Amino acid sequence: MIVKDEDKKINNKALKSTANPDLSASQIKNEDSYENNIRPLTFDDYIGQNSIKQTLKISIEASKKRNTHLDHLLFYGPPGLGKTTLAGIIANELNADIKITSAPSIERPRDIIGILMQLKEGDVLFIDEIHRLNKIAEEILYPAMEDFTIDLTTGKTQTVKTMRIPIPKFTLIGATTKAGALSGPLRDRFGIIHRLEFYTTEELAQIVKRTAKILNFEIDESGALEIAKRSRCTPRIANRLVKRSADWAIVKGDGKITQKIASDALCALDIDEMGLDVTDRALLKLMITSFDGGPVGIETLAVALGEDIRTIEDVYEPFLIQKGYIARTPRGRKATKSAYEHLGIKQDVSQLGLFKN
Ligand code: ADE
């Protein structure tokens, strides 16, 4: 049974304490351990996404009362908004173990079969980037999701035999930045589908304070707000900026994260007061100076910027669209008036409305 190195088995029952040594040691990749150590483990500690939390709590309670497995769930939305965190909380609330993997690491049929055959009754299987699952793995998953069976084939072409093997009832949680890229049959097999929303500044400020507290960093209200405002509405970024601001506070201040410390730290990182980083601004500037503000195709932008299309679409664009700096039109992307204003570039009003939509 092959389970790839990247596949991580997390025992949620053992995760109840925040400083779980198992978590940062062997089970999670090193670069993830900071994020994992500050992940909330209960709905009460999870800030934001309130309507999703409410409906999930009901579904979990109902499945417990009916003594049956929770329906398969799909979370979609931009990266860093807490899809993995929610999956961990759900497993925790179900008192179940969670197996975490990502679609690109499931290459061969035996990879997905191995994962499915290892599951125990009630386990949660989390597959990140589920839109990248290959066709064969997807087809193995269909009966597993629907009937909790795996169809195994043995023998060569002439003597091929199919065996239907039952597997324990489990809950699949899929996460994706691109719900539209999921095949219809796969999407239809999820009973619960939620889109995660960007966070408000107030929610992010609460997350920042919670993280600082867990890590024993001193922070005041204005310092938390400064970080929150510049975090692209995204908890993962807010948590990263807490760490960078704490470094700055230790070296340049007295250890406390204040508004000035946070502002200086983030300016040094080239993150502006709206949370845009160097690449965000380069993208907007490119659209304005090289393409007259657009419309311009994503392929052209990717080549000119030297970034891949997927990174622009998944990482940069959602926030810039949410903040109203970019508009998507049938003919391509356009820089909005706010983008011109933010970069301090004068818009050629004579061209507004002409030749463009
Ligand atoms: N860390 C990352 N996301 C979080 C959230 N939504 N609530 C609390 N802490 C978090």
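User: Which helix gives the most to the lining of the second largest pocket?
Analyst: That's helix 14, residues 309-322, which puts six residues into the lining. Bear in mind that this is a predicted model.

User: OK, and how much space lies in the second largest pocket?
Analyst: About 320 Å³. It is lined by 15 residues, and the closest to its centre are Pro 78, Thr 177, Arg 195, Glu 313 and Pro 318.

User: How does the lining of the second largest pocket split by class?
Analyst: There are six nonpolar residues, three polar ones and six charged ones.

User: Switching to the ligand. Where does the ligand sit?
Analyst: You'll find the ligand in the largest cavity. The elements giving two or more residues to the shell around the ligand are helix 8 (201-214) and helix 10 (235-252).

User: Which residues surround the ligand?
Analyst: Going along the chain, they are Pro 40, Asp 45, Tyr 46, Ile 47, Tyr 199, Ile 207, Arg 210, Pro 235 and Asn 239. By class, that shell has six nonpolar, one polar and two charged residues.

User: What does the side chain of Tyr 199 have 3.4 Å from the ligand?
Analyst: An N or O atom of the Tyr 199 side chain is 3.4 Å from a nitrogen atom of the ligand. Arg 210 has a polar side-chain atom 3.4 Å from a ligand nitrogen, and for Asn 239 there is likewise a polar side-chain atom at 3.4 Å from a nitrogen of the ligand.

User: And how much of the ligand's accessible area does the protein cover?
Analyst: The protein covers 95% of it, where the ligand on its own has 260 Å² of accessible area.

User: Back to the cavity itself. How much space lies in the largest cavity?
Analyst: About 250 Å³. A search of the whole structure turns up two cavities of 30 Å³ or more.

User: Which residues lie nearest the centre of the largest cavity?
Analyst: Pro 40, Gly 82, Thr 85, Pro 235 and Asn 239, out of 20 lining residues. Pro 40, Pro 235 and Asn 239 also turn up among the residues around the ligand.

User: Which helices supply at least two residues of that lining?
Analyst: Helix 2 (33-38), helix 4 (83-93), helix 8 and helix 10 each do. As for class, the lining of the largest cavity divides into eight nonpolar, six polar and six charged residues.

User: New topic, backbone oddities. Where is there a cis peptide bond?
Analyst: Between Gly 294 and Pro 295, with omega at about 5°. Pro 295 belongs to the loop that runs between helix 12 (278-291) and helix 13 (298-305).

User: And what's up with the phi of Asn 67?
Analyst: Asn 67 has a positive phi, about 55°, although it isn't a glycine.

User: Where does Asn 67 lie?
Analyst: In the loop between helix 3 (50-65) and strand 2 (73-76).

Key: Residues numbered from 1 in each chain as written. Predicted model: local features only at pLDDT ≥ 70, side-chain atom pairs only at ≥ 80, totals over all residues. Heavy atoms only, no water. 1 Å grid on protein atoms, 1.4 Å probe; cavity = no way out; pocket = protein on both sides within 12 Å on 5 of 7 lines; lining within 4 Å. Points joined across faces, edges and corners; volume = space filled by probe spheres on them. Helix = DSSP H or I, 4+ residues; strand = E, 2+ residues; numbered from the N terminus. Nonpolar A, V, L, I, M, F, W, Y, C, P; charged D, E, K, R; others polar. Near = heavy atom within 4 Å. Polar contact = N/O pair within 3.5 Å; in protein donor to acceptor, adjacent residues only side chain to side chain. Areas by Shrake-Rupley, 256 points an atom, 1.4 Å probe, with all protein chains shown as cover. Sits in = over half its atoms within 2 Å of the grid points.
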